Amino acid sequence: MKKLVLLLLLVINIAAEAQQITGCGFKVPPRSLKTNFSSTYEAKAIVNSMLDNIKWDENFNIREQNGIRNAYATIINNARWIVYDNNFLEDIDAYAATKWASVSILAHEMGHHYYNHVVSRSGSTPPKEIEADAFSGYVMYKQGATLNESIAAISAIASDRASSTHPAKADRVAAITRGWNNAKSEMPANTGGNTGGNTGGTNPTNPTNPAGNQGGNTGGSGNTNLPPADDPSWINLSIQSTKNETVLLSDDGKTYQQAEIKAGEPFVFLFEIYKYGWLKLPYFNGFRTYKLMHGKDYHILWNRRSKNWTVVEVPN
């Protein structure tokens with residue numbers, strides 16, 4: 001009788017653990033006796049391989065923290081991190097019956113950093129998770145995974161129903177499939193910039209504009225037919241002034257660099273990491289920050305009533 005009670009308690013504990021949900025909407029799988037994932041060193045090597053394959057300069061650190069039963073992207077002390085539980089990744093591999101499952105989870109967390117989701121304080125939202133899922137599918141193809149291997153983790157541990165913070169499993173599988181197919185459809189000519197800049201990169205959700213997220217000022221836009229001034233993916237920033245003005249620009253929202261905008265001439269550029277970045281202008285006793293997107297043009301105007309600069313998007 002005692003053995004039966006202990007067995008029932010074990011089953012109940014396993015079932016309860018399997019129903020826990022992580023911050024990215026994954027069910028926590030039951031513990032496995034198999035141990036194949038080799039701690040932080042293997043995770044770091046996998047992440048580096050993914051970064052190399054999509055030609056993205058790392059902007060985050062990776063840290064193992066066993067016991068949390070999770071893997072997540074976050075900011076700690078103004079530094080970007082991917083924190084993961086080694087046992088959690090091992091259990092996902094065992095539960096999904098493929099080593100690619102843990103790789104896809106790491107790729108998903110990379111996606112949150114790639115699209116700068118962690119900067120926002122809104123937490124998880126279905127659009128963010130879909131975007132990170134598509135990124136995961138894109139990276140998985142680059143890593144050599146089949147489509148079935150790429151969707152294995154989501155198929156095994158994603159929630160069937162959507163919530164206010166996470167999409168349904170079917171939508172997540174569709175997003176990974178879309179990212180995987182986008183990577184598959186890319187042509188070799190679309191993987192670099194005009195001059196092969198070191199931040200040319202790729203865009204997992206838009207293979208026709210591979211540098212849309214991280215083209216960089218020297219990396220080019222991937223379009224060999226148009227100069228930056230005419231390429232619609234580049235940003236033209238102009239200012240209403242009779243003299244040259246200096247503004248502050250940042251591609252990560254933390255480190256700002258001065259940029260001089262000459263009177264009557266647009267400043268043409270791309271942010272290096274994401275398909276958007278930040279512009280900081282003097283405002284009263286401090287600064288006001290604006291978000292700028294690739295593929296759009298902006299004009300800085302002087303407000304004579306408030307005695308401050310403001311930014312408006314130039315209509316297409």
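**Exercise 1.** Identify which residue stands opposite Ile62 in S3, and place this pair in its sheet.

*Solution.* Ile62 stands opposite Ile82 in S3, where strands (E, at least two residues) are DSSP runs numbered from the N terminus, as are helices (H or I, at least four residues). The model is predicted, so that local features need pLDDT of at least 70 and side-chain atom pairs pLDDT 80 or more, whereas totals for chains, interfaces and linings use all residues. Residues are numbered from 1 along each chain as its sequence is written, and side-chain values use heavy atoms, without hydrogens and water. Next, S1 and S3 pair in the parallel sense over four bridges, pairing being assigned if DSSP finds at least two bridges between two strands. Finally, the open sheet of three strands has the order S1-S3-S2, with mixed pairing. Strand S1 (61-64) and strand S2 (71-76) stand at the edges, each with a single partner strand, so one side of each is left without a neighbour in the sheet.

**Exercise 2.** Determine which elements give two or more residues to the largest nonpolar core.

*Solution.* A nonpolar core is a set of buried (under 20% relative accessible area, 1.4 Å probe, protein chains only) Ala, Val, Leu, Ile, Met, Phe, Trp, Tyr and Cys residues joined through side-chain atoms within 4.5 Å. Of the 37 residues in the largest one, Val47, Met50, Trp56, Leu106, Met110 and Phe135 touch the most other members. The elements giving two or more residues are helices H2 (39-54), H3 (86-96), H4 (100-114), H5 (126-143) and H7 (152-157), together with strands S3 (79-84) and S8 (276-283). The largest share, seven residues, comes from H4.

Key: Buried < 20%, exposed > 50% of the residue type's maximum accessible area, 1.4 Å probe, protein only.
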